[in-house]
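Me: Please set out the main features of the structure shown below, with each term explained where it is used.

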Amino acid sequence: MLRRLTHRSGSGDAQPAAAAPLKDACEAATDCVFHESRKSTSSLDDVMAAVRKTYRDHEVGLGAKTWEGTRPFVVSGRVDEAPGVVSFYLEPKERQTLPLFHPGQFITVSVKKPGEAAPTMRSYSLSDSWSADRYRITVKSAGGVSTALHELFPQGAEVEVMAPNGKFFLNGESRRPVVLIGAGVGLTPVLAMAKTLASQGSLRPVHFFVSVKDGENFPFRAELEALTKEHPNLQLHVLFSRPSAADREGADYRWAGRLNALHIAEALPKTEAGNDYEFYMCGPDAMMQDVRKGLRQLTGVSDKDINFESFNGEEMVDPWDVPPPIPNAASGAVEIHFQGKSFIWNPGDEALLKTAEKNGVDLPYGCRVGLSGCCDQKLSDGSVVYPEGTLVNVSPQMARPCVAYPGEGSDIITLGTGRE
Ligand SMILES: Cc1cc2nc3c(=O)[nH]c(=O)nc-3n(C[C@H](O)[C@H](O)[C@H](O)COP(=O)(O)OP(=O)(O)OC[C@H]3O[C@@H](n4cnc5c(N)ncnc54)[C@H](O)[C@@H]3O)c2cc1C
Ligand code: FES
């Protein structure tokens, strides 16, 4: 059995509310002093005003309460970022101050389409740095929920939203140089990281590798170029996988083709030794797999410094990955029932959600990583267990199929209300 490597960054509680507020606020304010004082036009008053604002923002955000379940939000704005890619600005309906999140985290939206009995959940990375009054997500039209968001959620529409979550986020306590790698719509979480570092005036060198199809299919292009101009610490390295005749090599993009570790090794300054970088990447699984292997071979970067997020929950596995132990998992075949459909789980199979999908049974899901509780189902028969190290806070009467495995002694498991 192979191990799921859908990114893991940091450890323990993934909710930012658990961070030390005073320390975070002071660190942000300290970065801000350096940043402002380096501007030749800044007076001491400018520096102090910027510091006060940064400190206040952090206090406001950390003081704001996170929430359980969903909360109504309103689409306050929409921006077309590229063909088929739309940013949604979401404001809380009750106008509460929004809690701070870690850049890289996602929210989960619950969308009920006309004619459908139940809403469907999907997770979307926050694509901007924190702001007190709105979140931004950027959605590529790719299927049921994403296309519904594009077509049925104009400005003013309401959408139910679960609080920010996720373990793929920038280590805000580190002062090491950062390498951000974003491909296609996978730019979203790493863009939030770049914008957060920039808004804090961080002195950390940031190398941002962007891989998109061509100049037309390049979401956030203007935003990234403006960010680079304003923050000399941030360097953009652009690759077009299929440049069009209008795209100019050297001006619009540096490389053509598929992004790999050679590009990254070529662009990173030789004075900053490979092992000093922290890597954060999000994009197609095959690309991330290649980059990860290549970085290890070319630069000796260790896996613990390569953080990544997979949008589709596909496994990124290497033959030498050690699967996490699953204590007390079933040692024989188990019959799984869900809403009148059934399938067989065998030892060595993946968690229930993936095994169900492979057998043509669709279970609800959102984040696919066991964090939001968005796939929880009542456990009517049998028992389930979770791999070691999975953060699952779920009652014994419920199962979280994206990370659950049948428990020893369960020949039959029924999810949902009961066997039909
Ligand atoms: C942590 C996390 C963060 C994420 N962040 C983002 C983000 O920032 N931006 C983003 O866009 N996505 C993001 N995703 C992916 C997102 O959650 C959804 O998986 C994605 O929008 C597809 O969901 P869907 O309901 O639209 O597609 P589904 O209906 O679930 O379909 C999924 C796949 O089935 C096929 N398919 C089904 N119906 C159609 C159709 N009508 N036309 C064409 N193909 C179809 C497609 O191959 C499609 O990719 C993230 C996922 C995770 C887990
Ligand atoms: S899909 Fe979100 S917790 Fe399982």
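Me: Among contacts in the protein between residues at least 6 apart in sequence, what share joins residues at least 24 apart?
Reply: The model is predicted, with local features needing pLDDT of at least 70, side-chain atom pairs counting only at pLDDT 80 or more, and totals for chains, interfaces and linings using all residues. Residues are numbered from 1 along each chain as its sequence is written, while chains are lettered from A and ligands numbered from 1 in the order in which they are written. Two residues are in contact if their C-beta atoms, placed from the backbone, lie within 7 Å. Of the contacts between residues at least 6 apart in sequence, the share joining residues at least 24 apart is 71%.

Me: Which helix gives the largest share of the largest nonpolar core?
Reply: Such a core is a set of buried Ala, Val, Leu, Ile, Met, Phe, Trp, Tyr and Cys residues joined through C-beta atoms within 7 Å; buried means that 20 or more other C-beta atoms lie within 10 Å of the residue's own. The largest one has 100 residues, and Ile107 and Leu180 are among those with the most contacts inside it. Its largest share, 7 residues, comes from residues 187–199, a helix (a DSSP run of H or I, at least four residues), namely α4.

Me: How many charged residues does the shell around ligand 1 have?
Reply: The shell around ligand 1 holds 23 residues, Gly143 and Thr188 being among the closest; a residue belongs if its C-beta atom, placed from the backbone, lies within 6 Å. By class, 9 are nonpolar and 10 polar. Asp, Glu, Lys and Arg count as charged, and the shell's number of these is 4.

Key
Buried ≥ 20, exposed ≤ 12 C-beta atoms within 10 Å, placed from the backbone. Helix = DSSP H or I, 4+ residues; strand = E, 2+ residues; numbered from the N terminus.
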